[in-house]
Amino acid sequence: MRFAHLSDTHLGYRQYNLDKREDDFYKAFHKCIDKIIDEKCDFVIHSGDLFDEPRPHIRALVEVRKAIDKLHDSGIEFITVAGNHDILMRKGSLIPHALYKRIKVLTPKNPVKVIGDVFIGGLPYHSKIHINALKDSLKLLSKKSQEYGKRILVMHQGIDKYFGLEYELKFGDVPKGFDYYAFGHIHKRIEDEFEGGKIVYPGSTEIWRVDELVDFEKNRKGFVLVDTDDFSIKRVDIDIRPFIKLEVESTFDLNEIKHRIAGKKKPILYVTVKTDDQRYQTIYRELNRELSNKVLYIDIKKKNISKEETRFTEAVDLRDLINEMMEGYKGEEKDFAYSLFKTLSSGDIEAAFTLTEDFYRVWDSNAQDIKNRGKAEAPSKIKEVFQSSLEAYR
Ligand SMILES: [Mn+2]
C-alpha cells in the first residue's frame with residue numbers, strides 16, 4: 001500500500017489580512033490533494049493543524065469538504081489528529097473536524113485505525129503541562145500496536161532534537177517499535193532515522209511565518225509519499241507563491257531587484273535596509289513607490305547597524321534572563337513564565353489564557369479554590385481538572 005503524509009495546512013489563515021494569502025493556503029492544500037489522487041494513494045495521514053483556528057471561517061470549512069469529497073470519490077481515506085491550532089481548550093468544546101463524517105480523527109479515546117495490515121495510532125497535541133498524559137497514552141498505543149506487522153504513529157508535537165526550546169516531548173520519550181512516525185507541528189521538512197523506523201515532519205504546505213523561509217529555500221513545500229512495503233519515502237513538492245527576502249545597502253540597483261521579483265505570480269517581499277536613519281526614509285519611500293504594484297505584499301525594515309545594539313541583542317537570551325530573574329522558583333514555573341512571554345509577545349491572548357488556566361489548575365496544589373476545599377480533596381480535584389482540559393479533543 002501507499003499513503004500520503006501531509007501536515008500543518010493552516011486552512012483559513014489570512015496572512016497580512018489579504019484575500020489572496022487566504023486563497024494561497026487553500027490552493028496549496030488542493031494541490032496536495034490533487035497530486036495524492038493522481039498518485040492513487042490508499043489513504044492520507046494529516047498530522048494536525050488542518051485549520052488555522054478552532055473556529056475557522058466558513059470558507060475554510062467548505063474547502064475541506066471539497067477536498068474530502070474528492071478523496072472519497074477516489075476511495076482514499078483521510079486520517080488526522082488535532083493540532084494545537086485545531087483545538088479550543090474549553091471543557092466540552094468540539095473540534096471543527098466533527099462536522100465531517102468522512103474524516104477519521106484519532107483521539108485518546110479512539111486512537112487506532114487499522115487499514116489492511118497497517119496499524120495507525122494517533123494522539124492530539126498535548127501541551128507541555130499535559131505531557132505525562134501523552135506519555136501514558138503512548139505506552140498504551142505501543143502495546144496495542146505490537147500484534148500488527150506494520151505500525152504508524154501520528155502525533156502533533158515538537159521534539160527537542162528538532163525544535164530547540166519550544167519542544168514538548170523529548171527525543172528519548174518517543175516510543176520505539178513503529179515503522180513510521182508521521183509527525184506535525186514543526187513547519188520545516190524533516191526526515192530522520194529512529195530505531196529502525198523513520199521520523200518524518202512533512203512541514204507546512206505554505207509559508208505560515210517568515211522564519212520558515214530558510215527551510216523553504218532549501219527544501220520547498222509539499223508532502224511525502226510512503227510505501228508501506230519498506231516505508232521508503234518520496235518527497236513531492238508543490239508550487240507556491242514566491243516569498244523573497246532581500247538585504248540592500250544605501251545604494252542599490254533597483255532594476256536588479258525588479259528582475260529578481262519578476263515572474264508569473266506576484267511575490268511577497270521582505271527587504272532589510274542597511275543604512276542610517278536619514279537615508280532610510282528616502283529608500284523606504286523609493287522601494288514602496290517602485291515595487292508595491294509588482295508584489296503582493298512588501299515589508300521594509302531597517303537593519304540596525306549600531307554596534308551597541310547588536311551587542312545588546314546578542315547578549316540577551318530570554319531563557320537565561322528568566323532563569324536569572326526567577327532564581328529559587330521551580331523549573332515548571334520558569335517554563336511557564338517563558339511560554340507565557342512567548343505567547344503574549346505573539347499576541348495570542350486566547351492561548352495565554354489557556355496556558356495560565358492549565359498551569360494553575362494542574363501544577364499549583366496551593367491554588368486558592370483547592371485550598372478552600374481542604375487538603376484531602378486536593379489530589380482528586382487536580383486530577384479532575386487535568387482531565388477536563390484534555391476533554392476538548394476527545
Ligand atoms: Mn502548525
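**Two sheets, two cores and a manganese site**

Let me begin with an open sheet of 6 strands, in which the order is E4-E3-E2-E1-E11-E12 and the pairing is mixed. Its edges are formed by E4 and E12, each of which pairs on one side only, and from one strand to the next the twist averages 20° in the other sheet that I will come to, whereas here the average is 25°. I should say straight away that what you have in front of you is a predicted model.

Staying with this sheet, E11 and E12 pair in the antiparallel sense over 7 bridges, and within that pairing Asp227 stands opposite Ser232 in E12. Helix H1 lies across E1, E2, E11 and E12, and runs at about 135° to E12. Just ahead of E11, in the loop that joins H5 to E11, we find Arg220, a residue that is not a glycine and yet has a positive phi of about 55°. Is Arg220 buried or exposed? With a relative accessible area of 36%, Arg220 falls in between and counts as partly exposed.

Next, the packing. The largest nonpolar core has 41 residues, and Ile36 and Val64 are the ones with the most contacts inside it. At least two residues of this core come from each of several elements, including strand E1 (2–6), helix H1 (19–38), helix H2 (58–73), strand E11 (221–227) and strand E14 (268–274). The core also draws on both domains, taking at least three residues from each of domain 1 (2–238) and domain 2 (243–305). If you centre your view on Val64 and leave aside residues up to four places away in sequence, you will see that Val64 touches Leu11, Phe29, Leu50, Phe51, Tyr100 and Ile103. Apart from this core there is another, of 20 residues, with Leu134, Leu141, Leu169 and Ile199 among them.

Now to the metal. Which protein residues are the donors of the manganese ion? They are Asp8 and Asp49, each through OD, together with His10 and His187, each through NE2, and they lie 2.1 to 2.3 Å from the ion. Along the sequence the spacing of these donor residues reads D-x1-H-x38-D-x137-H. Asp8 and His10 are both buried, and Asp49, at 1% relative accessibility, counts as buried too. Asp49 deserves a second look in its backbone as well, since this residue, although not a glycine, has a positive phi of about 60°, and its place is in the loop between strand E2 (43–46) and H2.

That brings me to the other sheet, which is also open and has 6 strands, in the order E5-E6-E7-E8-E10-E9 and with mixed pairing. The edge strands there are E5 (112–115) and E9 (190–194), each pairing on one side only. E9 pairs with strand E10 (residues 197–201) in the antiparallel sense, over 5 bridges, and one of the details to pick out is that Glu193 has Lys198 in E10 as its bridge partner.

To close with the whole chain, the protein has 13 helices and 15 strands, and of its 394 residues 49% count as buried. Where contacts join residues at least 6 apart in sequence, 70% of them join residues at least 24 apart.

Key:
Residues numbered from 1 in each chain as written. Predicted model: local features only at pLDDT ≥ 70, side-chain atom pairs only at ≥ 80, totals over all residues. Heavy atoms only, no water. Core = buried A, V, L, I, M, F, W, Y, C linked by side-chain atoms within 4.5 Å. Buried < 20%, exposed > 50% of the residue type's maximum accessible area, 1.4 Å probe, protein only. Helix = DSSP H or I, 4+ residues; strand = E, 2+ residues; numbered from the N terminus. Domains from an automatic or database assignment. Contact = heavy atoms within 4.5 Å. Donors = N, O, S within 2.8 Å, 3.2 Å for Na, K, Ca; no water. Pairing = 2+ DSSP bridges. Axes fitted to C-alpha atoms, helices over the stretch in contact; angles between N-to-C directions.
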